[in-house]
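Here's a walk through one model, strand by strand and contact by contact. Have the viewer open as you read.

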Amino acid sequence: INAEYMGDVDVFIEQPCKLYQECLNVRDKCPHPFVLDENIDSLAMVLRAHADKAMDAFNLKISKVGGLTRARQIRDLGVALNYPMTIEDTWGGDVTTAAIMHLAHSTPQRFAYAATDFNSYVTKSTADGAPHRDSGGRIAAGTA
């Protein structure tokens, strides 16, 4: 990534490299806000990235970190360290979307940068009471 070509473009750079160290090298040369994604897989990784000043925000994927309990712990650490985050998962339908929305809705608003509603990408509903995006692009946690 050659940041000089990006000029004043208002853009976040989301994990441009597979390896953490490569991302850190890019981060050192890039003035734009930086989001870590696939590298965020544990509390230890969030602490390491924080110590290295490797990110301005991160993506929290529930199944990648081992489930809702660990995701909540990482979310709480992110809040304590002042990081906004996108709350999502690797993929899913109604049940996954419900888990994402409940975690997102229990996150202080200024740290909940975004949340993904994976059930909007599938054609078959699998849970009564699942959250669904309204016409204004908003979504509630649902009852699933």
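Burial first, since much of what follows leans on it: buried means under 20% relative accessible area, exposed means over 50%, and partly exposed is in between (1.4 Å probe, protein chains only). What you're looking at is a predicted model, in which local features need pLDDT of at least 70, side-chain atom pairs count only at pLDDT 80 or more, and totals for chains, interfaces and linings use all residues. Residues are numbered from 1 along each chain as its sequence is written, and side-chain values use heavy atoms, with hydrogens and water left out.

**Strands and crossovers**

Helices (H or I, at least four residues) and strands (E, at least two) are DSSP runs, numbered from the N terminus. Two strands pair if DSSP finds at least two bridges between them. A crossover is called right-handed if, with the strands pointing away from the viewer, the path from the first strand over the helix to the second runs clockwise.

Let's start at E2 (residues 34-36), which pairs with E3 in the parallel sense over 2 bridges. Leu36 has Phe58 in E3 as its bridge partner. Between these two strands the chain travels through helix H3 (residues 43-51), making a right-handed β-α-β crossover.

E3 also runs parallel to E4, and 4 bridges join them. Here Leu60 sits opposite Ile87 in E4, and the route from E3 to E4 goes through H4 in a right-handed β-α-β crossover. Phe58, for its part, stands opposite Met85 in E4.

On we go to E5: E4 and E5 are parallel and joined by 3 bridges. Thr86 has Ala114 in E5 as its bridge partner. The chain gets from E4 to E5 through helix H5 (residues 94-105), and that β-α-β crossover is right-handed too.

How well covered are the faces of E3 and E4? In E3, Ala57, Asn59 and Lys61 on one side and Phe58 and Leu60 on the other are all buried. With 5 of its 5 residues buried, E3 is largely enclosed by the rest of the structure. E4 has both faces covered as well: Met85 and Ile87 are buried on one side, Thr86 and Glu88 on the other.

**One helix up close**

H3 has Met45, Val46 and Ala49 as its buried residues. They span an arc of only 100° around the axis (taken from the directions from the helix axis to the C-beta atoms), which puts them on the same side of H3. Turn to the face pointing away from that buried side and you'll find the exposed residues Ala44 and Ala51. The cover over the buried residues of H3 includes helix H2 (20-29), E2, E3 and H4. Just after H3, Lys53 takes a positive phi of about 55°.

**Aromatic pairs**

Rings of Phe, Tyr and Trp (its six-membered ring) pair if their centres lie within 6.5 Å; planes under 30 degrees apart count as stacked, over 60 as edge-to-face and the rest as tilted. The structure holds 2 such pairs.

| Pair | Centre to centre | Angle between planes | Class |
|---|---|---|---|
| Phe12 and Tyr113 | 5.5 Å | 45° | tilted |
| Phe58 and Tyr83 | 6.3 Å | 65° | edge-to-face |

Phe12 lies in the loop between helix H1 (3-6) and strand E1 (13-14), and Tyr113 in strand E5 (residues 112-115), so this pair ties together parts that are 101 residues apart in sequence. Phe12 is partly exposed, at 37% relative accessible area, and Tyr113 is exposed, at 53%.

The pair of Phe58 and Tyr83 also links distant parts of the chain: Phe58 is in strand E3 (residues 57-61), while Tyr83 is in the loop between helix H4 (68-80) and strand E4 (85-88), 25 residues apart. Phe58 and Tyr83 are both buried.

**After E5**

Which residues does Asp117 touch, leaving aside neighbours within four places in sequence? With contact meaning heavy atoms within 4.5 Å, they are Thr97, Met101, Arg133 and Ile139. Asp117 is in the segment after E5 and counts as buried at 9% relative accessibility.

Asn119 lies in the segment after E5 and is buried, with a relative accessible area of 6%. Not counting residues up to four places away in sequence, Asn119 touches Gly92, Gly93, Asp94, Thr97, Ala130, Pro131 and His132. Its C-alpha atom is 9.1 Å from that of Ala98, 21 residues away along the chain.
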